[in-house]
Amino acid sequence: MPTGTLGRDRNKFSNKGGGILKIEEIVASGSAQTMKFLSYLNESGLNIDPRMTEFRGEEGLLWNIISSGEVWKWNSVLAQVGADEINYLRQYDKYFHLYYKSAPRLDGYVQEIYIPLVKITSPLDLKFKNEARNLPVEFTALSPKAALAVTPNALSIVEDAQGNIPYGVIYESNNPVGEVTTQVGTIYSTIV
């Protein structure tokens with residue numbers, strides 16, 4: 001649910017990317033692992049689709065629209081297209097967690113996004129032409145089976161008032177908290 005205040009604020013304007021994306025495979029056991037930089041980024045974005053269900057009468061008039069949940073998809077365009085990146089993105093049956101930190105706004109605030117459970121869902125589309133070559137990648141968030149306490153605490157996945165567990169968290173401050181460092185095995189047993 002929204003927190004904070006809405007209103008006119010010129011400091012909330014932003015005109016550039018420059019963020020960082022880190023991911024790491026989630027495995028059933030193991031010690032804490034540092035998340036990996038995936039690549040230099042040409043572009044990134046989070047798509048939150050409200051999946052609305054429409055109800056129409058026989059005459060075709062729209063009677064109502066009701067939310068039927070959300071789907072979160074993270075998309076990035078990677079500037080690095082070497083064999084390492086290509087092979088890493090072909091791990092379709094594995095689970096990952098994802099962390100993104102935006103570039104700072106004029107007032108020093110950054111947005112950090114943590115999605116604890118994603119799968120790679122994009123086809124690899126490798127173009128060979130006489131121009132800059134990029135590698136698009138899409139991660140689709142999966143619903144965690146339980147709330148997840150992580151370090152740093154600001155990125156923990158907390159159950160809402162209705163008992164729903166969100167796909168992830170979007171955190172904003174002028175003091176970034178950084179990537180998740182909780183043990184990988186603990187994340188796997190809690191949410192997978």
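**View 1. Trp63 and the nonpolar surface patch.** Trp63 is exposed, with a relative accessible area of 60%. This is a predicted model. Trp63 is found in strand β5, residues 62-67. Together with Phe55, Leu61 and Ile66, Trp63 makes a nonpolar surface patch of about 460 Å². Exposed is the right word for Trp63 because its 60% relative accessible area is over the 50% cut-off.

**View 2. The whole protein chain.** The protein chain holds two helices and 10 strands. From the N terminus on, the order of elements is β-β-β-β-β-β-α-β-β-β-β-α. The protein chain has 192 residues, and buried residues make up 33% of them. About 11,800 Å² of the protein chain is exposed. Carbon and sulfur atoms supply 50% of that area. Among contacts with a separation of 6 or more, 66% are between residues 24 or more positions apart.

**View 3. The largest nonpolar core.** The largest nonpolar core has 21 residues. Ile23, Leu38, Leu89, Leu98 and Phe139 touch the most other members. Six elements are to be picked out here: β1 (20-25), β6 (71-78), α1, β7, β8 (110-120) and β9 (135-141) each supply at least two residues of this core. Apart from this core lies another, of 14 residues. Tyr99, Leu117, Leu148 and Ile157 are among the members of that other core.

**View 4. Leu89 and its contacts.** Leu89 belongs to the largest nonpolar core and is one of the residues that touch the most other members. Which residues is Leu89 in contact with, leaving aside its neighbours within four places in sequence? They are Leu38, Leu78, Ile120, Leu124, Leu135, Val137 and Phe139. Of these, Leu38 and Phe139 are also named with Leu89 among the residues that touch the most other core members.

**View 5. Gln91 in its loop.** Gln91 sits in the loop between α1 (83-88) and β7 (96-101). Is Gln91 buried or exposed? Gln91 is buried, with a relative accessible area of 18%. That value counts as buried because the cut-off is under 20%. The side chain of Gln91 makes a polar contact with the side chain of Lys94, at 2.7 Å. Not counting residues up to four places away in sequence, Gln91 touches Glu25, Phe96 and Ile120.

**View 6. The Glu25-Lys94 salt bridge.** A search of the whole structure finds 10 salt bridges. One of them joins Glu25 and Lys94, with the closest N and O atoms 3.8 Å apart. Glu25 lies in strand β1 and Lys94 in the loop between α1 and β7, so the pair ties together parts that are 69 residues apart in sequence. Glu25 is partly exposed, with a relative accessible area of 21%. Lys94 is partly exposed too, at 32%. Gln91 appears again in this view: Gln91 touches Glu25, and the side chain of Gln91 makes a polar contact with the side chain of Lys94.

**View 7. The salt-bridge network of Arg105.** The side chains of Arg105 and Asp107 meet in a salt bridge, 2.9 Å from N to O. Arg105 also meets Glu172 in a salt bridge, here 3.1 Å from N to O. The Arg105-Glu172 pair links distant parts of the chain, 67 residues apart. Arg105 is in the loop between β7 and β8, and Glu172 is in strand β10, residues 169-173. Salt bridges that share partners join Arg105, Asp107 and Glu172 into one network. How accessible is each member? Arg105 counts as buried, at 14% relative accessibility. Asp107 is partly exposed, with a relative accessible area of 24%. Glu172 is partly exposed as well, at 33%.

**View 8. Thr190 in helix α2.** Thr190 lies in helix α2, residues 184-191. Thr190 is partly exposed, with a relative accessible area of 23%. Which residues does Thr190 touch, not counting residues up to four places away in sequence? They are Lys145, Ala146, Ala147 and Leu148. Thr190 and Ala147 are 43 residues apart in sequence. In space they are 7.6 Å apart, C-alpha to C-alpha. Leu148 is also a member of the core of 14 residues.

Definitions and conventions
Residues numbered from 1 in each chain as written. Predicted model: local features only at pLDDT ≥ 70, side-chain atom pairs only at ≥ 80, totals over all residues. Heavy atoms only, no water. Helix = DSSP H or I, 4+ residues; strand = E, 2+ residues; numbered from the N terminus. Buried < 20%, exposed > 50% of the residue type's maximum accessible area, 1.4 Å probe, protein only. Polar contact = N/O pair within 3.5 Å; in protein donor to acceptor, adjacent residues only side chain to side chain. Contact = heavy atoms within 4.5 Å. Areas by Shrake-Rupley, 256 points an atom, 1.4 Å probe, with all protein chains shown as cover. Core = buried A, V, L, I, M, F, W, Y, C linked by side-chain atoms within 4.5 Å. Patch = residues over 30% accessible without salt bridge, like charges linked within 9 Å, V, L, I, M, F, W, Y side chains within 5 Å. Salt bridge = Lys/Arg side-chain N within 4 Å of Asp/Glu carboxyl O.
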